[in-house]
Amino acid sequence: MSQTSAKPISMDTTDTRTPVVACHQLSKVFKDFWMRDRARAVDRLDLVIRQGEVFGLLGPNGSGKSTTIKLILGLLKPTNGRVMVFGKSPNDVATKARIGYLPEESYLYPFLNARETLEYYAKLFGIDSKTRTRRIDELLEMVGLTRPVPPGARVFQGDAAADRDRPGPYQ
Ligand SMILES: Nc1ncnc2c1ncn2[C@@H]1O[C@H](COP(=O)(O)OP(=O)(O)O)[C@@H](O)[C@H]1O
Ligand SMILES: [Mg+2]
């Protein structure tokens, strides 16, 4: 993925107009076992996403969309260039708490149902019990998972979003 622009990006963390995501000349080259360049997945990407914007990353398979997302999440380290999320490094712990991400493949505990899964992650995020219960009710309602699990039904995958697409156990 390659895009170039001459306009410099403000990286000032105190500026309220600080972009939610800013990539500057962001590049990622995957190396092979012998450290030879194997794939130039992201090539000098300049990208700014501001508050309130809905941004879609489109491109054919292998064009670097997933790699770009992983760089924004701090799961991969750029080969060159930089990426800022809310004006900070994506490795900043406080920044990570503000990011929601649904991976292509989610690995959720199969023995937890949707409510238990949300409880688990809410606790990890240190959300207090009252807020937790309210938010979980809202989220389950939002994705249509408020019906109780029928007795004897197989325990489902637990991911609220994915469960919406996996109604098997409820039928
Ligand atoms: N972990 C990896 N190791 C080596 N090459 C990779 C790795 N991940 C992605 N690539 C390569 O980087 C390029 C971009 O891949 P990717 O970001 O997955 O594209 P997209 O999500 O747009 O389909 C492809 O050529 C892919 O083979
Ligand atoms: Mg992909």
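Ala 97 sits in the loop between helix H2 (93–96) and H3. It counts as exposed, because Ala 97 has 9 C-beta neighbours inside 10 Å. Phe 125 lies 28 residues away in sequence, yet the two C-alpha atoms are 7.3 Å apart in space. The model is predicted. Its protein chain holds 5 helices and 4 strands. Buried residues account for 18% of the 171 residues in that chain.

**Overall layout**

- Read from the N terminus, the elements of the protein chain follow the order β-β-β-α-β-α-α-α-α.
- Take the contacts between residues at least 6 apart in sequence: 55% of them join residues at least 24 apart.

**Helix H3**

- Helix H3 covers residues 114–124, and its buried residues are Ala 114, Thr 117 and Leu 118.
- Viewed down the axis of H3, these buried residues fall within an arc of 95°, so they line one face of the helix.
- Gly 126 follows H3 and has a positive phi, near 70°.

**Strand pairing**

- Strands E2 and E3 pair antiparallel, over 8 bridges.
- The two strands form a hairpin, with 5 residues between E2 and E3.
- Met 35 lies in the turn of this hairpin and has a positive phi of about 65°.
- Two of the facing positions are Val 29, opposite Arg 40 in E3, and Lys 28, opposite Val 42 in E3.
- E2 is also joined to E4, by 5 bridges, and this pair runs antiparallel as well.
- Cys 23 has Val 83 in E4 as its bridge partner.

**The largest nonpolar core**

- The largest nonpolar core has 12 residues in all.
- Its members are Ala 22, Cys 23, Leu 26, Ala 41, Val 42, Leu 45, Leu 47, Leu 71, Ile 72, Val 83, Met 84 and Val 85.
- Strand E2 (21–31), strand E3 (37–49), helix H1 (65–73) and strand E4 (80–85) each supply at least two residues of this core.
- E3 gives the most to the core, with 4 residues.
- Ile 72 is one of the core residues. Setting aside neighbours within four places in sequence, Ile 72 is in contact with Val 21, Val 83, Val 85 and Pro 90.

**Helix H1**

- Thr 67, Thr 68, Leu 71 and Ile 72 are the buried residues of H1.
- These residues lie on the same side of H1, because they cover an arc of only 140° around the axis.
- The buried residues of H1 pack against three strands: E2, E3 and E4.
- Gly 74 comes just after H1 and takes a positive phi of about 80°.

**Lys 28, a buried lysine**

- Lys 28 belongs to strand E2.
- Lys 28 has 22 other C-beta atoms within 10 Å, so it is buried. The cut-off for a buried residue is 20 or more.
- Its contacts, leaving aside neighbours within four places in sequence, are Ala 41, Val 42, Thr 67, Leu 71, Leu 76, Pro 78 and Thr 79.
- Among these contacts of Lys 28, Ala 41, Val 42 and Leu 71 belong to the largest nonpolar core.
- Thr 67 is another contact of Lys 28, and Thr 67 is one of the buried residues of H1.
- Lys 77 is 49 residues from Lys 28 along the chain, but their C-alpha atoms are separated by 7.8 Å.

**Around ligand 1**

- The residues around ligand 1 are Phe 30, Arg 38, Ala 39, Ala 41, Gly 59, Asn 61, Gly 62, Ser 63, Gly 64, Lys 65, Ser 66 and Thr 67.
- By type, the residues of this shell divide into 3 nonpolar, 7 polar and 2 charged.
- E3 and H1 each supply at least two residues of the shell.
- Ala 41 is in the shell around ligand 1, and Ala 41 is also a member of the largest nonpolar core.
- Thr 67 is in the shell too, and Thr 67 is buried in H1.
- Both Ala 41 and Thr 67 are in contact with Lys 28.

Note on methods: Residues are numbered from 1 along each chain as its sequence is written. Chains are lettered from A and ligands numbered from 1 in the order in which they are written. This is a predicted model: local features need pLDDT of at least 70, side-chain atom pairs count only at pLDDT 80 or more; totals for chains, interfaces and linings use all residues. Two residues are in contact if their C-beta atoms, placed from the backbone, lie within 7 Å. The arc is that of the directions from the helix axis to the C-beta atoms. A nonpolar core is a set of buried Ala, Val, Leu, Ile, Met, Phe, Trp, Tyr and Cys residues joined through C-beta atoms within 7 Å. A residue is near a molecule or strand if its C-beta atom, placed from the backbone, lies within 6 Å of it. Ala, Val, Leu, Ile, Met, Phe, Trp, Tyr, Cys and Pro count as nonpolar, Asp, Glu, Lys and Arg as charged, and the others, Gly among them, as polar. Two strands pair if DSSP finds at least two bridges between them.
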